[in-house]
Amino acid sequence: MINVNSVKKIYSSRSGKVTAVDHVDLNIHSGEIFGIIGYSGAGKSTLIRMLNGLEIPTEGSVSVAGHEVSKIKGSKLRKARQEISMIFQHFNLLWSRTVKENIAFPLEIAGVKKTARDKKVLELIKLVGLEGREDAYPSQLSGGQKQRVGIARALASDPKVLLCDEATSALDPQTTDAILDLLVDINKRLGLTIVLITHEMHVIRKICHRVAVMEDGKVVETGPVIDVFKQPKKEITKRFVQQVIEPEDAKDTIEHLIAQYKTGSIVMLGFVGESAEQPVITNLIRAFSVSVNIIQGKISPTQNGSYGTLYIHLDGEQEEIDKAIQYLHAQEISVEVIEG
Ligand SMILES: Nc1ncnc2c1ncn2[C@@H]1O[C@H](COP(=O)(O)OP(=O)(O)OP(=O)(O)O)[C@@H](O)[C@H]1O
C-alpha cells in the first residue's frame, strides 16, 4: 500500500544544509495502523509530509495507494490526495464554518451535488459521534470534538490512507484515548490504512500494529509493536518502551521497596502474549519453599497481544530462591534479578 524507497530529504537554509530524513525505507501494508515515533527533530513530520506530496524527497521515491506521490504534480497530485487524507495536531478547521459545513468542504471542492453531500455529511457525523453538534462552530467545541470534525472531514473523500500528524498531542489523556479508540474503530470498519506520527509510546502501544522508531532522520528500528515491547533493540526504543511500562513514579516505588526488603531477592518478570496467561506464580509457590510477595505489576495491551511486567520479592533459604529463579528462567518470560 505504501512504499518508501531510499528516501532522503535535505533542507537548505541560511545556516547550511539539514538532512531531515536520511535513507529511509518503509513498507506499510493495506489495512494496517502504522506508527512512527521519535523525539522532536527526528524527521517524523518531514517523512509523513512526503507521503502526501507536501514535501518532495531530495532522493528516492514514495508510492502511496498506487500513486507515485514523489513524482506527480498539479491535478494528478490533487487527485491522489483525495485518497490520502490527513489530520493535524491543531485540527486546521475553518472557524467561520459550522461542523456540518467543515465536513462538507472537501465535497464542495470535489463538486459533489448538495443532496449527496448532505447525505454523506450525516453519515460521517454519525461515524465520528458528533450527532447533535452539527450546527456548532469550532470555537464552541471541545478539543476532542474538534478532532472528530477533523477526522470526519478527512474521511469525506473516502480515502484509502489516513495520515495523522500528532493528532492527539493537543488533547488530555482521556480525550486522547477516546480519539484513539475512534481511529481503531474506523480502521476496522472501513479497512482504512492509518499512518501516524507521535512522540508518545502510549499512542503506539494502544493502537498501532507496527512501529518504526526514528532518530536523526533514520529509521533505527521497526517491527510489530509487541516485538518491540518484548525486545527493544536500540537504546532510544528502550527509553520509549519505558515511558509506558515503567513510569518514573514506579521506579521510585521499587527503590523504596528494595530498601525495605533486607533479605531475599527482588525479581522483575516480563510477560508477552500467551505467557501472560501462564500460572507461573502459582507453580513457583507450589514447587519451591519460597514466599512470594507481589510488589507491583502492570499489563499493557497492544493491538497484537499483551505485554506485562511484574515485580516480585522472593524470600526463604538462598538455595530455594536460586532454584526458583532457575525455574523462572526456564519459562517463556524474561527474568531480571534486581536485588539479591
Ligand atoms: N522547512 C524546513 N527548512 C529547514 N529545516 C527544516 C525544515 N523543516 C524541518 N527542518 C529540520 O529538519 C529536521 C527534522 O524536522 P521534522 O519537523 O521533520 O522533525 P519531527 O520529528 O517532526 O520533529 P517535531 O515533532 O519537532 O516537528 C529538524 O532538524 C528541523 O529543524
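I began with burial across the whole chain and found that buried residues make up 36% of its 340 residues. I note at the outset that this is a predicted model, and that I number residues from 1 along the chain.

**Overall layout.** I looked up the secondary structure next, and the chain has 12 helices and 13 strands. Along the principal axes, I read a span of about 80 × 50 × 35 Å for the C-alpha trace. I also checked how contacts are spread along the sequence: among those between residues at least 6 apart, 68% join residues at least 24 apart.

**Two domains.** The chain is divided into domain 1, residues 2-242, and domain 2, residues 246-339. I took their centres over C-alpha atoms and found 39 Å separating domain 1 from domain 2. Where they meet, 11 residues of domain 1 are in contact with nine residues of domain 2. I then asked myself which helix gives the most to the side of domain 1 that touches domain 2. Helices α7 (201-207) and α8 (225-230) each supply at least two residues of that side, and α8 gives the most, with four residues. By class, I find seven nonpolar, two polar and two charged residues on the side of domain 1 that touches domain 2.

**An annotation from the record.** The unreviewed UniProt entry carries the annotation "domain: ABC transporter" over residues 2-241. Over residues 2-241 I read 39% helix and 27% strand, with the end C-alpha atoms 26 Å apart.

**The ligand shell.** I listed the residues surrounding the ligand, and they are Tyr11, Ser13, Val18, Ala20, Gly38, Ser40, Gly41, Ala42, Gly43, Lys44, Ser45 and Thr46. I next wanted to know which elements each supply at least two residues of this shell. They are β1 (2-13), β2 (16-28) and α1 (44-50), and the largest share, three residues, comes from α1. Sorted by class, the shell around the ligand has four nonpolar, seven polar and one charged residues.

**Strand β3.** I turned to β3, residues 33-37, and asked whether the strand is enclosed or open. Five of its five residues are buried, so β3 is largely enclosed by the rest of the structure. I checked the two faces separately and both are covered, with Ile33, Gly35 and Ile37 buried on one side and Phe34 and Ile36 buried on the other. For its partners, I found that β3 pairs with strand β7 (residues 193-198) in the parallel sense over five bridges, and that Thr198 in β7 is the bridge partner of Ile37. Strand β8 (residues 210-215) also runs parallel to β3, joined to it by four bridges, and here the bridge partner of Ile36 is Ala212.

**Val337.** My last entry concerns Val337, which lies in strand β13, residues 334-339. Is Val337 buried, exposed or partly exposed? I count it as partly exposed, because it has 14 C-beta neighbours inside 10 Å, whereas a buried residue would need 20 or more and an exposed one would have 12 or fewer. Leaving aside neighbours within four places in sequence, I find Val337 in contact with Ser265, Val267 and Ile325. I also looked up Ile312, which is 25 residues from Val337 in sequence and 9.7 Å from it in space, C-alpha to C-alpha.

Notes:
This is a predicted model: local features need pLDDT of at least 70, side-chain atom pairs count only at pLDDT 80 or more; totals for chains, interfaces and linings use all residues. A residue is near a molecule or strand if its C-beta atom, placed from the backbone, lies within 6 Å of it. Ala, Val, Leu, Ile, Met, Phe, Trp, Tyr, Cys and Pro count as nonpolar, Asp, Glu, Lys and Arg as charged, and the others, Gly among them, as polar. UniProt positions are given in the numbering used here, feature names are shortened, and annotations may be inferred rather than shown by experiment. Two strands pair if DSSP finds at least two bridges between them. Domain bounds come from an automatic or database domain assignment. Two residues are in contact if their C-beta atoms, placed from the backbone, lie within 7 Å.
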